[in-house]
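Colleague: I am new to this structure and would like to understand the words used for it. Could we go through them together, with the reasons behind each one?

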Amino acid sequence: MTLEEIVAKQWEEATIQDNFIFSKTMELYPDICKKLIELILKIKVKSLHYPEREKTIETRLDAKGVRLDVYVEDEENRSFDIEMQIADSDNIAKRMRYYQSLIDGDKLKRGEHYSALGESYIIFICPFDKFKGGRHIYKFRERCDEDYNLTLDDGAFKIFLNTKGTLDDVDAELKSFLDYVDKGIISGEIAKEVDNAVSEVKINKRARLGFMTFEMYMREMKMEGRAEGIFQMVKNLLLAKTPIEYIKAATGWSEEKILQIEKELKNSAE
């Protein structure tokens, strides 16, 4: 299969768990995004607005930037970042911490008072139980170690949603959404709405083009990066006087190609 065919197949098989599909669905259907936020946080939201499509936050030139899946704000100066987190890794909590700091830094203008910061919610939707407690939802905020009833009230909230939850700790609508994310089960109103929206996104030509372009670019960059890494390794092995047969075995490259690199190294040294 060609690279284009591989990516086209990936698009056809993509579900709401795909970051692009999730992001585009929430972008094109803000009413669904609003309803989802209200279900998760048990708050009322009058209206949402998207400061930027496909929000990317960059800070210093040497700092790590982030590209947020879904970033929206409401009329009460609250910000909501919703991420589809498929991979279970040890650094998820620190990722949340970093996202929170970048969002705050991005919102606060130079010279502006800290009181200008509104409530901020980082929400990760996970098809795994990060904390092994059987809950569908885990909500975190700053509390005093000495007095658990004392909260810091800094307006920062972090929420993990677990599609594999077993406890009766969320209402039926939110559970139906989590079941849809987990296994594509359509059992509630929100699940029906999201599924219909995903279907519309999948036949949207501009969305498909955006997905294809991005995925092909990323795959090409990975392939080029891998080739560049092997090239650098061959150079290092040649400089270390490693026998050609060992380099062939380690890289899978032909003797002719390795000898050509060796020749270029000698010419550049002269």
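Modeller: Happily; what follows is a set of questions about terms, each answered with a value and its cut-off.

Modeller: This is a predicted model, with residues numbered from 1 along each chain as its sequence is written. Local features need pLDDT of at least 70 and side-chain atom pairs count only at pLDDT 80 or more, while totals for chains, interfaces and linings use all residues, and side-chain values use heavy atoms, with hydrogens and water left out.

Colleague: Thanks! Why is Phe 211 called buried?

Modeller: Buried means under 20% relative accessible area, exposed means over 50%, and partly exposed is in between, with a 1.4 Å probe and protein chains only. Phe 211 has 0% relative accessibility, so it counts as buried. Phe 20, with a relative accessible area of 14%, is buried too.

Colleague: What makes Phe 20 and Phe 211 an aromatic pair, and of which kind?

Modeller: Rings of Phe, Tyr and Trp (its six-membered ring) pair if their centres lie within 6.5 Å; planes under 30 degrees apart count as stacked, over 60 as edge-to-face and the rest as tilted. Here the centres are 5.5 Å apart and the planes are at 75 degrees, giving an edge-to-face pair. Phe 20 belongs to helix H2 (residues 19-28) and Phe 211 to helix H7 (residues 205-239), so the pair links distant parts of the chain, 191 residues apart. Helices here are DSSP runs of H or I with at least four residues, strands are runs of E with at least two, and both are numbered from the N terminus.

Colleague: Why is the pair of Phe 131 and Phe 140 called tilted instead?

Modeller: Their ring centres are 5.3 Å apart with the planes at 50 degrees, so this pair is tilted. Phe 131 is partly exposed at 37% relative accessibility, and Phe 140 is partly exposed at 39%. Both rings belong to one aromatic cluster, together with Tyr 99, Phe 124, Tyr 138 and Phe 160. The whole structure holds 11 aromatic pairs.

Colleague: How do you know that a charge sits over the ring of Trp 11?

Modeller: The rule asks for NZ of Lys or CZ of Arg within 6 Å of the ring centre and within 35 degrees of the ring normal. The charged end of Lys 202 is 5.9 Å from the centre of the Trp 11 ring and sits over it. Arg 143 likewise lies over the face of Tyr 148, at 4.8 Å from the ring centre.

Colleague: What makes a group of residues a nonpolar core?

Modeller: The members are buried Ala, Val, Leu, Ile, Met, Phe, Trp, Tyr and Cys residues, joined through side-chain atoms within 4.5 Å. The largest such core has 47 residues, and Cys 33, Ile 37, Ile 40, Leu 41 and Phe 177 touch the most other members. Helix H3 (residues 30-41) gives the most to this core, with seven residues. A second, separate core has 12 residues, including Leu 68, Ile 103, Cys 126 and Phe 128. As a general point, nonpolar side chains in soluble globular proteins tend to be buried together.

Colleague: Which residues does Asp 74 touch, and how buried or exposed is it?

Modeller: Asp 74 is found in strand S4 (residues 70-74). Its relative accessible area is 3%, so Asp 74 is buried. Contact means heavy atoms within 4.5 Å; leaving out residues up to four places away in sequence, Asp 74 touches Val 45, Ser 47, Leu 48, His 49 and Phe 80.

Colleague: And where is Thr 25, and why is it called buried?

Modeller: Thr 25 lies in helix H2. With 0% relative accessibility, Thr 25 counts as buried. Beyond four places in sequence, Thr 25 touches Ile 16, Ala 197, Val 198 and Val 201.

Colleague: What is notable about phi of Asn 77?

Modeller: Most residues other than glycine have a negative phi. Phi of Asn 77 is near 65 degrees, a positive value in a residue other than glycine. Asn 77 is in the loop between S4 and strand S5 (79-84), and at 33% relative accessibility it counts as partly exposed. Asp 153 also has a positive phi, near 55 degrees. Asp 153 lies in the loop between S7 and S8, and its 56% relative accessibility makes it exposed.
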